[in-house]
Amino acid sequence: MDKNAIEIRGLTKTYKAGRGSPEKPALRGIDLDIPMGAVFGLLGPNGAGKSTLINILAGLVIKTAGQVTIWGFDQDVNPRQARASIGVMPQELNLDPFFTPRGALEVQAGLYGVPKSQRRSDEILRLIGLEDKAQAYARTLSGGMRRRLLLGKALVHMPHVLVLDEPTAGVDIELREMLWENIRRLNAQGMTIILTTHYLEEAEEMCDEIAIINHGNLVARDSTANLLGQLDTKTMIIHPDEPINTLPECEGIEVITRPGGELAITYQSGATPAEAVLDAVHRAGIRIRDVKTEQADLQDVFLELTRSR
Ligand code: ADP
Ligand code: MG
C-alpha cells in the first residue's frame, strides 16, 4: 500500500461564537488520507471549511477534536516534526512591509530553525523570480510579487508537503502559469502538493486526486478521473438542417431547444446508447446538419455534490 503524507481522522473545528453569530462547526468530523507524491485538490464552495482544514494542518488554527498526522508525525505527539514537514502558502497576503524578500526568507528560515549554512534564500529567490527584488521592501512589491514571496516563504525549510490555499485566486495569467510551473517542478522533485482552488478546470488539469468538502463535511474523495467518470450524463447538440416541427421522443432523454434552433439532448450514456438518441432524432423527421456532444466536467460533479446539502 502507498504511504500517506497526511492522515486526518475525525477532524472537527468549531470556532467560538462571535457577537451575534452563533457557534457553527466549520469542520464536522473529516476523515481524509492524502498519498505521498500526489498533487491533491481540496475543493468546495466558499465557507466550506477549506482554509480551516489547511490552517489546522499548518498549526495556525487549533482543532476542536480529531487526529492529524503529517508525514507520520501526530500533530499532538510530535508537534515540532509535524510542523517541520509542511509548508503553507496562505490565502491572505500577510507580509511584513518592512522586510525585503531576502530578509523575509531569512526570518522565516530562522523561525523554522534552519541553520544559516543550510539556508537556500538565493535558490528560492531564483525559483520565484524575485532575484532582482531581493533587497526591495515588501511594501514596494506588486501583488503578484508578494504572492510569489509567500510561496518562497513556504519553501524555506524544504517541507515534504506543500500546501497552497487558493494560490491563483485573483492573479493574472502570467503569474498563474508561473505558479503552476513551480508547483509541477516541486512535485516532480517529490514534494506532495495540496491545494485549494476555485478554478475547477485548474483542479481538473493539475490534480491527480480530489476531495470535495461542503459545510464542513467530506462529500467526495476520489481520483480526478473517477470523479469525472462518476457522472455519465452526456449532452448531444444537434444542429438541424431546417427549422423543426417535432421534438425527438425516446425513453431516458431530455430535449431542450436552444436559441438559434439547436437541440440539446441530455441522456445517461450508460443507460441510453447514442444510437438510440440518433434514432429518435430521425424518427422526428429531423435532418442533421451538424452534431457534437458535451461531456460532464468537474463543474457538473461539483454542483451535483454540493447542491443544497
Ligand atoms: P473556505 O476556506 O472553504 O472558504 P473557511 O475555512 O474559511 O472556508 O470557513 C469555514 C467556516 O468557518 C465559515 O463559516 C467561516 O465563516 C467560519 N470561520 C472561518 N474562520 C473563522 C474565524 N477565525 N472565526 C470564526 N469563524 C470562522
Ligand atoms: Mg478559504
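**Salt bridges, burial and packing in a predicted model**

Mentor: In this predicted model, a salt bridge joins the side chains of Asp33 and Arg9, at 3.0 Å from N to O. Asp33 belongs to strand β2 and Arg9 to strand β1, so the pair ties together parts that are 24 residues apart in sequence.

Trainee: Why is the contact between Asp33 and Arg9 called a salt bridge?

Mentor: The criterion is a side-chain nitrogen of Lys or Arg within 4 Å of a carboxyl oxygen of Asp or Glu. The N to O distance for Asp33 and Arg9 is 3.0 Å, so the pair satisfies the 4 Å limit.

Trainee: What makes Asp33 and Arg9 partly exposed?

Mentor: The class lies between the buried limit, under 20%, and the exposed limit, over 50%. Asp33 has 25% relative accessibility and counts as partly exposed; Arg9, at 35%, also counts as partly exposed.

Trainee: How many salt bridges does a search of the whole structure find?

Mentor: The search finds twelve. Among the salt bridges is that of Arg119 and Glu106, at 2.8 Å from N to O. Arg119 lies in the loop between α3 and α4 and Glu106 in helix α3, 13 residues apart, and the pair links these distant parts of the chain. Glu209 and Arg221 also meet in a salt bridge, at 2.6 Å. Here Glu209 is in strand β9 (residues 209-214) and Arg221 in strand β10 (residues 217-223), twelve residues apart. In addition, Asp241, Arg287 and Arg289 are linked in a network of salt bridges.

Trainee: Why is Leu11 called buried?

Mentor: Buried means under 20% relative accessible area. Leu11 has 0% relative accessibility, so it counts as buried. Leu11 is placed in strand β1 (residues 4-14).

Trainee: What does Leu11 touch beyond residues up to four places away in sequence?

Mentor: Its contacts include Leu27, Ile30, Leu53, Ile56, Lys63 and Val68. Leu11 and Lys63 are 52 residues apart in sequence, while their C-alpha atoms are 7.2 Å apart in space.

Trainee: Which residues have the most contacts inside the largest nonpolar core?

Mentor: They are Leu149, Leu151, Leu162, Leu164 and Ile193, in a core of 44 residues. A second, separate core has 27 residues, including Leu11, Leu42, Ala58 and Val163.

Trainee: Why are β2 and β5 said to stand at the edges of their sheet?

Mentor: Four strands form this open sheet in the order β2-β1-β4-β5, with antiparallel pairing. β2 (25-35) and β5 (73-74) each have a single partner strand, so one side of each is left without a neighbour in the sheet.

Trainee: How do you know that β4 and β5 are paired?

Mentor: Pairing requires at least two bridges between the strands. Strand β4 (residues 65-70) and β5 have two bridges in the antiparallel sense, so the requirement is met. Phe73, in β5, is the bridge partner of Ile70.

Trainee: What makes Phe99 eligible for a nonpolar surface patch?

Mentor: A patch residue needs over 30% relative accessible area. Phe99 has 33%, so it passes that limit while remaining partly exposed. Together with Val107 and Leu111, Phe99 makes a patch of about 260 Å². Phe99 lies in the loop between β6 (86-89) and α3 (101-111).

Trainee: Which elements do the buried residues of α3 pack against?

Mentor: They pack against α4 (121-127) and α5 (143-154). Among these buried residues are Pro101, Ala104 and Leu105, and Leu149 is in contact with each of Pro101, Ala104 and Leu105.

Methods: Residues numbered from 1 in each chain as written. Chains lettered and ligands numbered in written order. Predicted model: local features only at pLDDT ≥ 70, side-chain atom pairs only at ≥ 80, totals over all residues. Heavy atoms only, no water. Patch = residues over 30% accessible without salt bridge, like charges linked within 9 Å, V, L, I, M, F, W, Y side chains within 5 Å. Areas by Shrake-Rupley, 256 points an atom, 1.4 Å probe, with all protein chains shown as cover. Buried < 20%, exposed > 50% of the residue type's maximum accessible area, 1.4 Å probe, protein only. Core = buried A, V, L, I, M, F, W, Y, C linked by side-chain atoms within 4.5 Å. Contact = heavy atoms within 4.5 Å.
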